[in-house]
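Please read the notes below with the structure open beside you, and check each point against the picture as you go. They are written for someone who is new to reading structures.

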Amino acid sequence: MLARALIVLLIALNIGVAAWWVARPAPAAPAEEALPLGVARLRLVGESAAPVAPAASPAPAASPTAPAQPPAAASKPRESVVPEPAAAAPATDPSAPTPAETALAAQSKPQCYSLGPFADAAAADAARAKLQPLAQKLTTRSQGAASAARGWRVYLPPAASRDAAQATAQRIRAAGFDDLFVMGEGADANGIALGRFRNEDSARKRAASLSQAGFPAQVEALGETAAATWIDVAASASDGDALRRASGAQRWRSLSCSAMG
């Protein structure tokens, strides 16, 4: 009985496998491998090339029926526009100066300055020689009145520091000169006063003795004033300070050119 059941089961299994084999779908064709551009595919001898189905051309899209165009209207004649004539440029006066000529005239117009004061005529003459190439006109004038000296002094110029001045004063005393003191105020601070005299000869003798001892003393008049000498300059240069530096003057100031005559 068991053997018959096994036989029936095997027959049923065989029938099922046969039915599946008959009813299974056909296997899909293997996808054709894409080759690089320009490389031909290898085929076996006697293998025929598979026909290539022509690609179906896309059906032309149905274009909507265009509405009938109305008949073109008769073209109107185009109006011609005549341009208005340009405004004529104002006539130029040939005698009027050009901008370049105006600038050149402004540059050539002289400026006047007063330079000074110079201590004496020799210093003024030296300054005139330096200004001559730069100036169109030069005049020299004196300002103030001279006065006689009320005395004379002998001194050493200011030292670099108070200690240096004191050290120099000690050396002067050691050399036998007692009439001295170290000045502590004003422009002569740290200078050494070496005596005052009523006449110039005595002051010069004192300075000569100090110089022989190794102390270069200087002599200066007291209360003496000299007439200041100024140079009036007419020049095309507009920088008065440049003329001051060129001449060696102490100061400069603007001057009306009419004052030079």
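1. In this predicted model, Asp241 is partly exposed, having a relative accessible area of 24%. Its salt-bridge partner is Arg244, and the closest N and O atoms of the two are 2.9 Å apart. Arg244 also counts as partly exposed, at 22% relative accessibility. Both residues belong to helix 6, which covers residues 240-247, and because they are 3 residues apart there, about one helical turn separates them.

2. Salt bridges that share partners also join Arg153, Asp188 and Glu220 into one network. Within this network, Arg153 forms a salt bridge with Asp188, and their closest N and O atoms are 3.3 Å apart. This pair links distant parts of the chain, since Arg153 is in strand 3 while Asp188 is in the loop between strand 4 (181-182) and strand 5, 35 residues apart. Are the two partners buried or exposed? Arg153 is buried, with a relative accessible area of 12%, whereas Asp188 counts as partly exposed at 26% relative accessibility.

3. A further salt bridge can be found in helix 5, where Arg204 and Glu200 both lie, 4 residues apart, or about one turn of the helix. The closest N and O atoms of Arg204 and Glu200 are 3.0 Å apart. Arg204 is partly exposed, with a relative accessible area of 42%, and Glu200 is likewise partly exposed, with a value of 31%. The count for the model comes to 6 salt bridges. As general background, side chains of opposite charge can pair when their charged atoms come close.

4. How many disulfides does the model contain? The count comes to 1 disulfide, and it joins Cys112 to Cys257, with an S to S distance of 1.9 Å. The torsion about the S-S bond of Cys112 and Cys257 is about 115°, and therefore the disulfide is right-handed. Cys112 lies in strand 1 (residues 111-118) and Cys257 in the segment after strand 8 (251-254), so the pair ties together parts of the chain that are 145 residues apart in sequence. When you look at the two ends of this link, note that Cys112 is buried, with a relative accessible area of 5%, while Cys257 counts as partly exposed at 31% relative accessibility.

5. Turning to the nonpolar residues, the largest nonpolar core has 16 residues, and those that touch the most other members are Val154, Ile172, Ile192, Leu194, Leu210 and Ala217. The elements that give two or more residues to this core are strand 3 (151-156), helix 4 (162-174), strand 5 (192-197) and helix 5 (200-212). There is also a second, separate core of 13 residues, and among its members are Tyr113, Leu115, Ala235 and Leu243. It is a general tendency in soluble globular proteins that nonpolar side chains are buried together.

6. Val154 deserves a separate look, and a useful exercise is to find its partners in the structure: which residues is Val154 in contact with, leaving aside its neighbours within four places in sequence? The residues in contact with Val154 include Ile192, Ala193, Leu194, Gly195 and Phe197. Also in contact with Val154 are Ala203, Arg206, Ala207 and Leu210, and the list is completed by Ala217, Gln218 and Val219.

Methods
Residues are numbered from 1 along each chain as its sequence is written. This is a predicted model: local features need pLDDT of at least 70, side-chain atom pairs count only at pLDDT 80 or more; totals for chains, interfaces and linings use all residues. Side-chain values use heavy atoms; hydrogens and water are left out. A disulfide is a pair of cysteine sulfur atoms within 2.5 Å. Buried means under 20% relative accessible area, exposed over 50%, partly exposed in between (1.4 Å probe, protein chains only). A nonpolar core is a set of buried Ala, Val, Leu, Ile, Met, Phe, Trp, Tyr and Cys residues joined through side-chain atoms within 4.5 Å. Contact means heavy atoms within 4.5 Å. A salt bridge is a side-chain nitrogen of Lys or Arg within 4 Å of a carboxyl oxygen of Asp or Glu.
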